[in-house]
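Trainee: Could we take a close look at a single part of this model? I would like to follow one strand and its neighbours.

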Amino acid sequence: MPLGETKKALQEVNQALVEKDRELIQAYIDRHELKGMAENGSGLYYLVWGQGNGTPIKNGDVVTLEYTLSLLDGTICYTSKSQKPKEFVVGYGGVESGLEMAVLLMQLGQSGKFILPPHLAHGLLGDLNKIPPRSIIVYDVRVINVVVKN
């Protein structure tokens, strides 16, 4: 198969997978009656609530989150209770790109629910532990600390 045809076939398969992921996410939102959940254009679905303290989080800030990470079927993979709170520098990697996008929508003290499709989560391979390949993941988070960096 010529390279151009291969590329086109891969694009079509990818588009079909993205559409299937959207359907699964929408079914989850409907099933859990998550009114107010929005999508940011990259595929991240988000719902943020609570009174925030301070300015919005930005790249370079160090954030600490209490969290539960689960699959769409409700299987809990990781929590800050079983591990420890998640701390990272926003914009420097080390966590899922979708989680970095998510915290940029938040402030200290706020909580949120975020649904990350595979391309914003652990991709084709999963995490090679508790998250299977091509998984859509759900983060329930609360921002418990922010160290603002200039």
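Mentor: Happily; here is a walk around strand S3 and some residues beside it. This is a predicted model, so please note that local features need pLDDT of at least 70 and side-chain atom pairs count only at pLDDT 80 or more, while totals for chains, interfaces and linings use all residues. Residues are numbered from 1 along each chain as its sequence is written, and side-chain values use heavy atoms, with hydrogens and water left out.

Strands here are DSSP runs of E with at least two residues, numbered from the N terminus. S3 covers residues 62-71, and eight of its ten residues are buried, so the strand is largely enclosed by the rest of the structure. Buried means under 20% relative accessible area, exposed over 50%, and partly exposed in between, using a 1.4 Å probe and protein chains only.

Now for the pairing, which requires that DSSP finds at least two bridges between two strands. With S7 (residues 137-147), S3 pairs in the antiparallel sense over ten bridges; there, tyrosine 67 has valine 141 as its bridge partner. S5 (residues 86-89) also runs antiparallel to S3, joined by four bridges, and valine 62 is partnered with valine 89 in that strand. The antiparallel pairing with S4 (residues 76-79) has three bridges, and serine 70 is matched there with isoleucine 76. S3 and S4 form a hairpin with four residues between them, and glycine 74 in the turn has a positive phi of about 95°.

Tyrosine 67 deserves a second look. The charged end of lysine 86 sits over its ring, 5.0 Å from the centre; the criterion is NZ of Lys or CZ of Arg within 6 Å of the ring centre and within 35 degrees of the ring normal.

Proline 85 lies in the loop between S4 and S5. Its relative accessibility is 36%, so proline 85 counts as partly exposed. Leaving aside residues up to four places away in sequence, proline 85 touches Thr64, Leu65, Tyr67, Ser80 and Ile144, where contact means heavy atoms within 4.5 Å.

Finally, valine 141 leads us to serine 111, which lies in strand S6 (residues 111-116). Serine 111 counts as buried because its relative accessibility is 14%. With residues up to four places away in sequence again not counted, serine 111 touches Leu47, Val48, Trp49, Met106, Val141 and Arg142. Val141 is thus a contact of serine 111 as well as the bridge partner of tyrosine 67.
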